[in-house]
Each structure stands twice: as structure tokens, then as C-alpha cells.
Amino acid sequence: MSERSIGELYEAAGQFLTDGEMYECEPYGNGHINDTFSALCRNASGRVTRYILQAVNGTVFKEPERLMQNILSVTEFLKRSETDERRVLSLIKTVSGDCFFRDRGGTYWRMYLFIDDSLCLERPESPEDFYQCAYAFGKFQRDLNGFPADTLYEVIPDFHNTAKRYNDFLKALEADKCGRAAEVKAEAELIKSRAGFYPLLADSHKKGLLPLRVTHNDTKSNNVLLDAVTRKALCVIDLDTIMPGFSVTDFGDSIRFGASTAAEDEKDLDRVGLDLELFEAYTAGYLDGCAGELSESEIMLLPEGAMMMTIECGMRFLSDYLEGDVYFKTGYERHNLIRCRTQLRLFEDMESRTDEMKKIVRRYLK
Ligand code: ADP
Ligand code: GN1
Ligand code: MG
């Protein structure tokens with residue numbers, strides 16, 4: 001996305017019913033998709049309130065108004081049983097009563113109350129932190145159990161349909177728009193060699209082993225907030241991709257990001273692997289948060305969910321590299337290729353430790 005001018009930010013912020021006028025607005029967080037800002041407003045009595053101001057990524061999200069309707073209905077549903085303002089995202093209304101503002105350039109803006117005294121972890125600092133992230137996502141899943149899934153707009157169809165992602169990857173490789181295919185031969189071969197694995201979750205669904213649920217679909221540890229004082233689960237954020245999906249992919253994406261021994265863009269591949277202690281902490285937290293919702297077949301497929309999300313993310317990063325880095329925000333040349341390599345290394349490590357992961361999840365069967 002383009003750089004945002006100060007004028008643009010003030011114009012957008014001015015549309016929302018904030019407590020006072022904005023006087024400071026700074027880029028915030030490490031999301032790969034939207035443009036996020038921390039906005040400080042001061043009212044006439046000098047009271048300062050912090051908000052999150054976001055420009056929704058219009059390339060990734062084709063129908064922002066319907067996406068915002070999803071977020072509004074999900075947060076309103078959650079607020080029926082949760083009154084603590086710090087535990088559910090609060091959208092700020094605009095002067096015309098909407099939950100978004102469309103500027104003259106066609107960019108959609110939204111504003112949330114900033115959840116104060118919270119921690120947003122790029123990496124869990126202990127198994128207990130990771131347990132808390134897992135608990136939050138598990139509880140989120142359980143709380144949305146009664147949500148009418150058929151009212152949700154499918155924001156990105158086939159978002160975690162790995163077989164479809166694989167086909168998209170093959171097309172990007174074939175098209176080789178930027179002349180980068182030769183450079184990624186080894187990575188492409190690895191991805192191709194596992195083609196038989198990709199339909200597994202969809203097939204398990206067809207066999208009745210994986211029910212469709214309302215899922216978050218982007219369960220990185222930086223999409224959940226912990227309380228800064230107690231370090232307990234506080235609030236699930238980044239609700240753009242709430243759609244019907246599988247519990248095991250929500251679980252799997254968290255493992256991919258948070259139970260790796262290294263960052264998503266670590267350059268030294270020798271540092272990348274699966275931390276089984278973190279895997280176990282997440283399993284315990286997620287199942288406690290879900291409180292008995294998951295069936296035995298779902299629990300037994302959790303390790304495959306982790307492997308699927310890891311190789312899927314690897315092929316998504318590689319496809320974006322081949323297409324010229326048009327989807328994920330990148331910080332430097334080859335950033336997507338580096339990210340792809342970490343995912344593939346993590347996937348191979350997970351494959352070699354499938355039995356150990358299975359042993360862990362089996363212990364959590366009731
Ligand atoms: P992206 O889709 O680009 O990842 P997010 O909605 O996840 O965007 O926001 C980016 C970052 O902003 C988050 O990782 C978190 O650090 C911070 N953030 C978002 N919403 C809030 C909020 N309501 N309160 C505090 N921090 C937030
Ligand atoms: C994106 O928005 P963010 O940074 O939380 C992406 C996820 C990827 C992730 C990889 C809408 O998540 O699917 O797994 O990057 N979100 C979207 O870090 O594509
Ligand atoms: Mg995010």
C-alpha cells in the first residue's frame with residue numbers, strides 16, 4: 001500500500017466520533033496487510049484517548065463494506081456475553097453512523113478503541129504466554145459457536161483451501177512474471193513433492209471428520225492481546241478473515257508462527273524448527289479455551305493442521321515472490337523468499353516429528 005500523508009490521516013480520523021481531536025498519529029504494529037496507526041485524541045478537559053486507525057487493504061479485500069459488516073456483527077454478538085471493553089474489539093462509529101469511512105481515493109478507513117495495558121507478542125516469551133494466546137483463540141472459537149455462520153460474507157474464498165493455493169502457486173511458477181522461477185527451483189520442487197498432502201483437510205471434511213466452524217483464520221500471536229499486568233488472555237484482534245473454516249487450521253497457523261524456534265523471516269535456517277514444548281502448551285491452551293467443543297477426529301488432526309498451514313504459507317510467500325511482491329508487505333528485496341524458506345524448513349521439521357506431535361495430542365483426548 002502507498003505511504004499515507006498526514007492530511008489523509010487527519011481527514012480520515014476526523015470522520016470518527018472520537019473523544020476529542022486527534023493530535024498525534026503514528027504507524028503501529030507489524031501486520032502484513034493493513035496500514036495501522038496509533039491515534040491519540042485529546043478532549044476539551046485534556047483527557048487523552050488512544051485509538052487504532054486503519055486503512056483497509058483494498059487490494060486484498062475486494063468488498064470492504066461487507067467485510068466491515070462481518071466485523072460489526074461478530075463483535076456485537078460477542079458483546080452480548082462480554083461486557084468488559086478490553087475483551088472485545090470496539091469499532092468507533094463515524095459522524096454518519098457507519099463503522100467505516102470511504103475517502104475520495106476509495107480507501108476504506110476504520111477505527112477501534114485501542115486496548116490499553118495490553119501486550120501484543122511477535123513471539124511468545126514463554127510456554128505460559130503461548131498457552132494464553134491459545135486459550136484466547138480457543139475461547140473465541142467457543143464463543144462464536146452459536147453465531148449464524150451463514151450470515152458471514154466469505155471475505156477471501158478458499159482462503160485456507162491448500163489444494164487451491166497449490167494450483168495458484170503452479171500458475172505463478174508457470175507464468176514467471178518477474179523472471180524469478182529459476183532462482184526458486186529447490187523450493188518449488190519441495191512444494192511439488194508434497195502435492196498428495198494438500199487435499200487432506202478438505203477430504204477429511206467430506207468424510208465427516210472435520211466440521212465447518214466459524215474460525216478466525218489468521219491466528220498469529222500478534223493477532224491476540226494479553227493483559228500487560230497479569231499476562232492472561234485478553235482479546236482476539238484482526239477480525240478481517242473471520243469465515244467458516246476448520247478448527248485445525250486456526251490451531252495450525254498459530255503453531256506455524258508461534259511454536260517455531262525462529263521468526264517467520266529468520267535468515268539462518270539452522271535456527272528454524274518446531275518447539276515441541278510450545279506445541280504442547282498451545283494444544284493445552286486451545287483445548288481448554290474450546291472447553292470440550294472439539295471432536296476426537298479434530299484433535300487427532302491438529303498436527304496435520306499445523307503442517308498444512310506451514311507449507312500453505314510457504315507456497316503463498318513463494319507465489320507472491322514470483323508475482324513481484326504484490327500481496328504481503330515486504331521490508332527488503334527477497335523478503336518473501338526468505339519467509340518461504342523458513343516455512344519450508346519448519347514444515348520438514350514438523351514432518352520428521354509427526355509421531356511426537358501425535359503423541360502429545362493423543363494425551364489430550366478425553
Ligand atoms: P494486519 O491485518 O495488518 O495484521 P491488525 O488488525 O492485526 O492488522 O493490526 C496490526 C497491529 O496493530 C496488531 O498486531 C496489534 O499490534 C495492533 N492492534 C490492532 N488493533 C488493536 C487494538 N484494538 N488495540 C491495541 N492494539 C491493536
Ligand atoms: C497476513 O494480516 P496479518 O499480518 O495478521 C495474512 C495471513 C498470513 C500472514 C503471514 C489476510 O496476516 O493469512 O498467514 O500474513 N493475512 C491475510 O504472516 O492474507
Ligand atoms: Mg494482524
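Here are some friendly questions and answers about the ligand sites and two backbone features of this predicted model.

Q: Which two domains give residues to the shell around ligand 2, and where does ligand 2 lie as a result?
A: Let's start with who supplies the shell. Domain 1 (6–116) gives residues to it, and domain 2 (127–363) does too. Because both domains give residues to the shell, ligand 2 lies between domain 1 and domain 2.

Q: Which residues come nearest to ligand 2, and how many residues are around it?
A: The nearest residues are His32, Lys220, Glu264, Arg316 and Tyr327. By class, the shell has seven nonpolar, four polar and seven charged residues. The number of residues around ligand 2 is 18.

Q: How much of the accessible area of ligand 2 does the protein cover?
A: Polar contacts are a good place to begin. A polar backbone atom of His32 is 2.8 Å from an oxygen atom of ligand 2, and a polar side-chain atom of Asp218 lies 2.9 Å from an oxygen atom of this ligand. Arg316 also takes part, with a polar side-chain atom 2.8 Å from an oxygen atom of ligand 2. Of the 450 Å² of accessible area that ligand 2 has on its own, the protein covers 97%.

Q: Which element gives the largest share of the shell around ligand 2?
A: The elements that give two or more residues to this shell are α7 (247–258) and α10 (302–322). The largest share is three residues, and it comes from α10.

Q: Which residues coordinate the magnesium ion, and at what distance?
A: The magnesium ion is ligand 3, and its coordinating atoms come from Asn223 (OD1) and Asp238 (OD). Asn223 sits in the loop between β7 (213–215) and β8 (224–227), while Asp238 is in the loop between β9 (233–236) and β10 (243–245), 15 residues apart. Asn223 and Asp238 coordinate the ion at 2.2 Å.

Q: Is Asn223 buried or exposed?
A: The cut-off helps here: a residue counts as buried when its relative accessible area is under 20%. Asn223 has a relative accessible area of 5%, so Asn223 is buried.

Q: What is the burial class of Asp238?
A: A residue is partly exposed if its relative accessible area falls between the 20% limit for buried and the 50% limit for exposed. Because Asp238 has a relative accessible area of 25%, Asp238 is partly exposed.

Q: How much of ligand 1 does the protein bury?
A: Around ligand 1 there are 19 residues, and those that come nearest are Asn34, Gln54, Ile115, Asn222 and Asn223. An N or O atom in the side chain of Gln54 is 2.9 Å from an oxygen atom of ligand 1, and a polar backbone atom of Asn222 is 2.7 Å from an oxygen atom of ligand 1. Taken alone, ligand 1 exposes 550 Å², and the share buried by the protein is 96%.

Q: How many residues of each class does the shell around ligand 1 have?
A: Domain 1 (6–116) and domain 2 (127–363) both give residues to this shell, so ligand 1 lies between them. By class, the shell has 10 nonpolar, seven polar and two charged residues.

Q: What is the phi of Arg231, and where does Arg231 lie?
A: Most residues other than glycine have a negative phi. Arg231 is not a glycine, yet its phi is positive, at about 60°. Arg231 lies in the loop between β8 and β9.

Q: What is the phi of Ala291?
A: Ala291 is found in the loop between α8 (276–290) and α9 (296–300). With a relative accessible area of 46%, Ala291 is partly exposed. Although Ala291 is not a glycine, its phi is positive, at about 45°.

Conventions
Residues numbered from 1 in each chain as written. Chains lettered and ligands numbered in written order. Predicted model: local features only at pLDDT ≥ 70, side-chain atom pairs only at ≥ 80, totals over all residues. Heavy atoms only, no water. Near = heavy atom within 4 Å. Polar contact = N/O pair within 3.5 Å; in protein donor to acceptor, adjacent residues only side chain to side chain. Areas by Shrake-Rupley, 256 points an atom, 1.4 Å probe, with all protein chains shown as cover. Helix = DSSP H or I, 4+ residues; strand = E, 2+ residues; numbered from the N terminus. Nonpolar A, V, L, I, M, F, W, Y, C, P; charged D, E, K, R; others polar. Domains from an automatic or database assignment. Donors = N, O, S within 2.8 Å, 3.2 Å for Na, K, Ca; no water. Buried < 20%, exposed > 50% of the residue type's maximum accessible area, 1.4 Å probe, protein only.
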